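Biologist: Got a minute to go through this model with me? Let's put it on screen first.

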Amino acid sequence: MKLHHQIFLAMLIGAALGAVTQEQSTLLGVPVLASYDLVGTLFINALKMVVVPLIVTAIISGMVGVGGGKNLGRMGMKTVGLYMMTTLAAVLTGLLLVNLFTPGIIDGEPAKDLLGLARDTGTVMEKIEGRGAGDFTAILLQMLPPNLVQAAANGQMLGLIVFALLFGFYLRTEEGPAGESLRNMIDGIYQVVMRITMLIIRFTPLGVMALIAATVTRTGLDAIEPLAWFFLCAVIALAVHAFVFMPALILLMARRSPLRHLQAMTPALLTAFSSASSAATLPLTMECVQKRSGVSRRTSSFVLPLGATVNMDGTALYECVAAMFIAQAYGLELSLATQFMIVITALLTSIGVASIPAASLVAITVILGAIGLPAEAIGLILVTDRVLDMCRTAVNVWGDSVVTVLLARSEGEERVLSLPVDDMEAAGPEKAEARTGP
C-alpha cells in the first residue's frame with residue numbers, strides 16, 4: 001500500500017477510535033487519551049528532531065548548488081516575489097468570500113450574543129497577553145540571534161536561516177581543498193539526515209492515527225457545529241485558494257498537470273493536516289517534492305526551508321477571515337480602507353508571527369487591535385481553531401510546494417512533474433536525484 005493510502009487509512013482509523021473514546025477512558029488501567037498523546041508526541045518530536053539539521057544543511061547545499069551571484073540573486077528575487085504573490089492572493093480570496101458569506105451576521109443580526117465566548121478564552125488570553133505589533137521588533141532581532149544554539153532550541157528558525165544563507169553564500173566562493181572538503185561534508189550530512197528522515201517517515205501512518213484520535217477524543221466529531229457558517233466560509237476560502245488559484249498557476253506558469261502534483265504531494269499534505277505543523281512536515285515535504293514531483297535538490301533545498309518559515313498562505317487567509325468574522329459578529333461596518341488595512345496586516349503577520357507561540361491567535365489579536373476590537377473577541381473562534389489550524393497548515397505546505405514547482409520550471413528543469421509517480425518512487429533516491437539534477 002502506498003504511503004498516502006496508508007496515511008488516509010490511518011486518519012479514518014484515528015477518527016473512529018477517537019469517536020468511541022472519552023477523555024476518561026482507560027485500557028488495562030492505562031488512560032487511552034494519554035496513549036494517543038504519547039504516540040503522537042513521539043512522532044512529532046522525531047520530525048522536529050531533524051528539522052534544524054535539515055534546514056541548515058539543505059539551505060547551505062542549495063546555496064552552493066545555485067551557482068554564481070547572478071543566478072543566486074535571480075532565484076532569490078523570484079522566490080520572494082512568488083511567495084508574496086500567492087500570500088496576497090490568499091488574503092484577497094478570504095476577504096472576498098467572508099464579505100460574500102457574512103458568517104458573522106445571522107438572520108440580519110450580529111452573532112455575538114448567539115455565539116458567546118469559548119470556555120478557554122482566559123487560557124488563550126494568558127498566552128497572548130502583552131503581545132501585539134511590538135513583536136515585529138522581536139522578529140527582526142530573531143534574524144541575528146546572539147546564540148544560534150539557543151535560537152534553535154527555542155524554535156526560532158529565522159536566525160538559523162539567515163546564518164545558513166550567509167554560510168552557503170561564502171562557502172560557494174571558498175576555493176582550494178578546504179572549501180571542497182567542507183562542501184562535501186555538508187552534502188554528506190544532508191544525505192544522512194535525509195536517511196534518518198525516511199526512517200521516521202515510515203512511521204507516519206501510526207503517528208497520524210494517534211494525532212487524529214487524540215483530536216477527535218477531545219473535541220468530538222461535532223465540535224465545529226456552533227460555528228458552522230464561519231467554519232464553512234474559512235474552508236471554502238482555503239479550498240478556492242488551494243484547488244483553484246494554485247492549480248491555475250501550475251497549469252499556466254509551469255505548464256504541468258496540477259493533479260499530478262497533488263498526487264505527488266498527498267503524503268505531505270495529509271501529514272500537515274494531521275500534525276498542524278509546517279515545520280514538522282518539512283522533511284516529508286522535501287522528500288515528496290524531490291522524489292515524487294521531480295524538482296531538483298538544488299531548487300527544493302533553497303526554496304522549501306524558506307517557505308516553511310515565511311510563506312503562510314493558509315494562515316494569512318485564515319487571519320483575514322477570522323478578523324472580518326469577529327468584526328461582523330460585533331456589528332462593525334468596516335470601510336474599504338479598514339479592510340485594506342486588514343489585508344496588509346494579515347500579510348505581514350503571516351510572515352513574521354509564525355515563530356511566536358499561539359501564532360495565528362497572536363496575529364489575529366494584532367488585527368483586532370488595529371480595527372478597534374477587544375482582544376477577548378478572539379474567544380468567538382476558539383471552538384473551531386484546532387480543526388481549521390489543520391486545514392490552513394495543509395494549505396501552507398501546498399503553497400510552498402507549488403512555488404517550488406513554479407521556480408523549478410522557470411529555471412528550466414524539464415523533469416518537473418513529467419514522470420509518473422510510480423516511476424519516480426521506483427527509481428530510488430540515487431536514480432531520482434540523477435534524473436532531476438544535482
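**Contacts, cysteines and a cavity**

Modeller: Among contacts (heavy atoms within 4.5 Å) between residues at least 6 apart in sequence, 83% join residues at least 24 apart. This is a predicted model, so to be clear on the rules: local features need pLDDT of at least 70, side-chain atom pairs count only at pLDDT 80 or more, and totals for chains, interfaces and linings use all residues. Residues are numbered from 1 along each chain as its sequence is written, and side-chain values use heavy atoms, with hydrogens and water left out.

Biologist: How many helices and strands are in the chain?

Modeller: The chain has 19 helices and four strands. These are DSSP runs, numbered from the N terminus: helices are H or I with at least four residues, strands E with at least two.

Biologist: What share of the residues counts as buried?

Modeller: 54% of the 438 residues. Buried means under 20% relative accessible area, with a 1.4 Å probe and protein chains only.

Biologist: Give me one contact between residues far apart in sequence.

Modeller: Take Pro205, in helix α10 (residues 204-219). Pro205 and Ile7 are 198 residues apart in sequence, yet their C-alpha atoms are 4.7 Å apart. Beyond its neighbours within four places in sequence, Pro205 touches Leu3, Gln6, Ile7 and Ala10. Pro205 is buried, at 14% relative accessibility.

Biologist: Switching to cysteines. How many disulfides does the search find?

Modeller: Zero in the whole structure. The cut-off is a pair of cysteine sulfur atoms within 2.5 Å.

Biologist: Why is Cys233 not bonded?

Modeller: Because its closest cysteine sulfur, in Cys320, is 9.5 Å away, too far for a bond. Cys233 is buried, at 0% relative accessible area. Cys288 is buried too, at 2%.

Biologist: And cavities: how many of 30 Å³ or more?

Modeller: One. A cavity is a set of points on a 1 Å grid over the protein atoms alone, where a 1.4 Å probe fits but cannot get out; lining residues have an atom within 4 Å of a point. The largest cavity holds about 40 Å³, counted as the space filled by probe spheres set on the points, which are joined across faces, edges and corners.

Biologist: Which element gives the most to the lining?

Modeller: α13, with four residues. The elements giving two or more are α13 (278-292), α14 (297-310) and α18 (382-410).

Biologist: Which residues line the largest cavity?

Modeller: Ser278, Thr281, Leu282, Thr285, Leu304, Ala308, Val397 and Asp400.

How values were computed
Buried < 20%, exposed > 50% of the residue type's maximum accessible area, 1.4 Å probe, protein only. 1 Å grid on protein atoms, 1.4 Å probe; cavity = no way out; pocket = protein on both sides within 12 Å on 5 of 7 lines; lining within 4 Å.
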